[in-house]
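Good morning, colleagues. Please take a moment with the sequence and the model on the screen before I begin.

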Amino acid sequence: MTLSKDQFIRDFKDTLHEEQLIKVSDATPTELFAALAKVIRKYYTPLWLERNRSLTANKEKIAYYFSIEFLPGRMLETNLLNLGILDVVKEGFAELGVDFENVKNAEHDMALGNGGLGRLAAAFMDSLATTGYPGFGNGLRYRYGLFKQKIIDGYQVELPDDWFGSLGNVWEIRKEHDAVDVRLFGDVYLEQNQEGNLVPTYQNSQVLRAVPYDVPQIGFQNDTINNLRLWDVEIPEDQETLYPSLESRRAIQDITAILYPDDSTLEGKQLRLIQEYFMTSAGLQTIIKHYLKQGTPLEDIYKKVSVHINDTHPAVAPAEFMRLLVDDYGLEWDAAWKATVNTMSYTNHTIMSEALEKWDAELFKKVLPRVYQIILEIDNRFVAELGKAGYDAHLVNNTRIVKDDQIHMANLAIIGGHSVNGVAKLHTELLKEDTLRSFYKLYPEKFNNKTNGIVPRRWTQIAAPELSSAIDQFIGDDWRSHIHSLGGLETYLDDQQALETFYQVKKDAKERLANYIKETTGFQVSTDAIFDVQVKRLHAYKRQLLNLLHIIKLYLDLKDNPDKDMVPRVFIFGAKAAPGYHFAKSVIKVINELANLINNDDSLQGKLHLFFLENYNVSLAELIIPAADVSEQISLASKEASGTSNMKFMMTGAITLATLDGANIEIKDEVGDDNIVIFGMDKDAVYDHYRLNDYHSRDLYENDPIIHRVIDSFVNGTIPNIQSEGMEIYEALIQHNDEYFLLEDFHSYVKAQEKIGRLYRDKKKWARISLTNIAKSHKFTADDTIEQYAKEIWELKK
Ligand SMILES: *Cc1c(COP(=O)(O)O)cnc(C)c1O
């Protein structure tokens with residue numbers, strides 16, 4: 001849209017004066033933010049209305065992305081950027097004497113997700129709008145987002161994330177007219193109706209009202225706005241008397257109160273099952289209603305609708321869709337099944353089969369009695385069909401949905417859909433040959449890869465403004481709307497001035513982070529040091545502990561030899577641990593105690609610093625990632641499905657220090673061996689250990705004096721205040737045989753770190769590698785990932 005600075009200033013002042021009765025100079029940042037959001041809403045509302053009108057009028061096919069998590073972070077700046085008015089607003093604020101940064105920081109992160117999975121869903125919303133495809137999100141409107149992390153005495157403490165604050169969600173619109181009812185619990189009987197069909201009769205079930213709130217997803221400067229629809233729960237008016245007490249009402253509100261942690265040990269959580277069903281049922285009901293307004297037959301719905309199942313949390317979708325089509329709309333089973341399979345598609349996010357979601361059949365039957373019957377029917381027909389086709393019992397048992405009194409949600413998603421995709425090349429290969437091997441035999445045509453991506457605009461134009469200006473300076477600003485133009489930077493790989501400029505840009509970003517570190521921890525760090533960063537969820541497979549082992553080694557080396565010649569290093573961690581994940585929380589405690597020890601030891605002469613920055617979220621990522629020299633992507637090969645922070649770091653010029661895992665492999669393929677530092681076992685070596693059962697961490701510990709000394713520092717008092725945590729880690733590594741093979745990869749990792757040190761000393765070489773990474777990073781734009789989903793899975797038109 002076009003907007004002049006003067007017009008904006010008038011609109012902004014009017015809103016503040018007329019709607020909030022306040023002058024600019026008296027307003028708090030929150031009041032300024034509220035007024036700005038109102039002004040922006042007025043600007044985009046006509047576009048949003050027009051989009052919804054034209055999609056309905058043209059009967060376009062729409063993809064619905066079902067995800068239990070969406071992690072967009074802040075929306076203000078990205079909305080302004082995408083509307084094309086970010087600069088005008090910043091200039092207007094400058095004239096009004098308002099600090100844009102303060103106003104921006106008044107917005108709470110929308111943190112309705114744990115980490116990569118939720119961030120990917122949010123990225124896809126942005127990219128769907130930006131590429132112009134009709135793609136809507138479907139999720140839950142959690143009252144509290146992912147917990148707020150405080151570090152107290154080195155321990156993680158979780159506080160509620162009250163993201164509504166005093167303003168609520170300024171971007172959402174309540175759509176009461178689209179509310180639907182969702183039924184839970186009770187008994188169900190099949191009875192013949194007048195036409196002789198069997199229809200379910202419900203007794204004693206609970207009926208809840210699902211009310212949608214739509215959050216606009218604004219495309220990048222293309223006048224396209226899609227919806228992210230988040231569902232909230234209410235008590236239907238005619239049922240109010242059933243909930244006379246505050247407690248009984250609170251129990252209902254609890255359904256959308258909290259986001260569960262991404263902890264694979266979520267067993268038997270009835271509330272989680274209700275959450276999953278609630279958003280899935282409500283979403284599917286409104287999709288069918290919307291479709292039927294077109295006046296085309298319901299059995300053809302897949303020609304106008306795709307439903308995407310992001311990981312297994314919405315995987316009840318095929319069964320619920322069958323229930324709606326057969327019970328509520330009277331379709332024959334076979335026609336309904338064809339429509340269902342053609343409508344549904346599924347993304348798998350893990351190779352760890354223990355992390356594939358299963359529900360206890362008894363619990364499922366209690367909460368969703370009719371859906372349970374439908375799942376049994378789907379399962380019976382599936383088994384019968386395979387039997388007839390002559391498949392062996394082993395394969396049938398590996399693929400059926402109901403077995404051992406459990407419902408296997410991934411199996412339902414695969415059988416009930418036409419597409420299964422992994423999220424990086426290696427991940428998809430491992431699904432085919434290992435985790436989902438039986439399914440791959442059965443349905444090879446359903447399998448495909450869609451490597452994850454990131455929203456380039458957020459990680460450059462918003463998070464790295466200095467970098468963005470520097471890019472403009474050399475290749476012009478076309479890359480801001482056509483990210484593949486970034487490749488033009490390759491022309492400058494040997495241009496001294498360019499290398500110096502980009503080196504300086506990184507320094508500026510490091511300066512900002514150094515200021516933040518100073519403010520939050522009191523320590524001053526030098527921007528001449530290597531900023532070595534590992535930010536991501538705390539998980540054993542991601543191996544933050546391997547990083548820590550190396551830091552301990554550096555510390556011990558420096559204590560032995562304080563004059564050791566080394567490039568100063570600042571190690572930075574950011575990570576939340578699932579509240580019930582004991583081991584992960586112990587790692588956080590040890591990082592913090594080691595940080596205390598190191599940062600306060602003057603004998604280290606400023607060569608080593610270590611920080612754990614609390615409450616890692618999207619906004620903190622935007623501060624940290626552009627300031628990184630080194631991107632730590634050190635998961636055990638085969639365990640990280642894709643990773644996306646690896647891509648964000650690459651795009652802002654960090655050098656990746658990585659195992660051959662997930663999308664790290666594809667990053668390496670882009671930049672070449674000289675522009676990435678790879679170490680450790682590859683997935684074949686890891687799988688060899690599994691097959692031969694020949695890994696013995698105790699041997700490595702006992703026969704290797706360096707490893708021995710590093711490990712002992714967990715239990716011999718070298719690091720203070722970690723008696724129980726140090727012991728827990730020691731036991732995991734030695735008694736429990738080091739599940740993620742840290743000790744085997746240790747020396748290779750140390751060598752890789754030494755190589756980083758050598759490269760960094762050669763400033764020019766480092767700058768060239770960094771610029772190469774930026775220049776090649778456009779490969780990982782989520783816009784292209786979405787193009788592939790849209791063409792190959794959803795068959796959408798723009
Ligand atoms: C990108 C992102 C992630 C994902 O990080 P990985 O390293 O890919 O696991 C997690 N959390 C936040 C806040 C992010 O921005």
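I start with an open sheet of three strands, in the order E15-E17-E16, with antiparallel pairing. Its edge strands are E15, residues 358-360, and E16, residues 402-403, each of which pairs on one side only. Strand E17, residues 406-408, runs antiparallel to E15 and is joined to it by three bridges. Within this pairing, Trp 359 has Ile 407 of E17 as its bridge partner. Please bear in mind that this is a predicted model.

I turn now to the domains. The protein chain is divided into domain 1, comprising 59-74 and 109-452, and domain 2, comprising 520-762. Taken over C-alpha atoms, their centres are separated by 36 Å.

How many residues of each domain are in contact with the other? The count is 36 in domain 1 and 38 in domain 2. Between the two domains an area of about 3000 Å² is buried, and carbon and sulfur atoms give 56% of this. Of the area that domain 1 buries against domain 2, Gln 149, Met 352 and Leu 426 supply 20%, more than any other three residues.

Next, the polar side of this interface. Three salt bridges are found across it, together with 18 residue pairs in polar contact, both residues at pLDDT 80 or more. On the domain 1 side, at least two residues each come from strand E2 (70-73), helix H6 (116-131), strand E5 (145-152), strand E6 (155-161) and helix H15 (425-435). By class, that side has 14 nonpolar, ten polar and twelve charged residues.

Finally, one salt bridge by name: the side chains of Lys 150 and Glu 614 meet at 4.0 Å, N to O. Thank you.

How values were computed
Residues are numbered from 1 along each chain as its sequence is written. This is a predicted model: local features need pLDDT of at least 70, side-chain atom pairs count only at pLDDT 80 or more; totals for chains, interfaces and linings use all residues. Side-chain values use heavy atoms; hydrogens and water are left out. Two strands pair if DSSP finds at least two bridges between them. Helices (H or I, at least four residues) and strands (E, at least two) are DSSP runs, numbered from the N terminus. Domain bounds come from an automatic or database domain assignment. Contact means heavy atoms within 4.5 Å. Buried area is the accessible area (1.4 Å probe) that two parts lose on being put together, summed over both. A polar contact is a pair of N or O atoms within 3.5 Å; within protein, one must be able to donate a hydrogen and the other to accept it, and residues adjacent in sequence count only if both atoms are side-chain atoms. Ala, Val, Leu, Ile, Met, Phe, Trp, Tyr, Cys and Pro count as nonpolar, Asp, Glu, Lys and Arg as charged, and the others, Gly among them, as polar.
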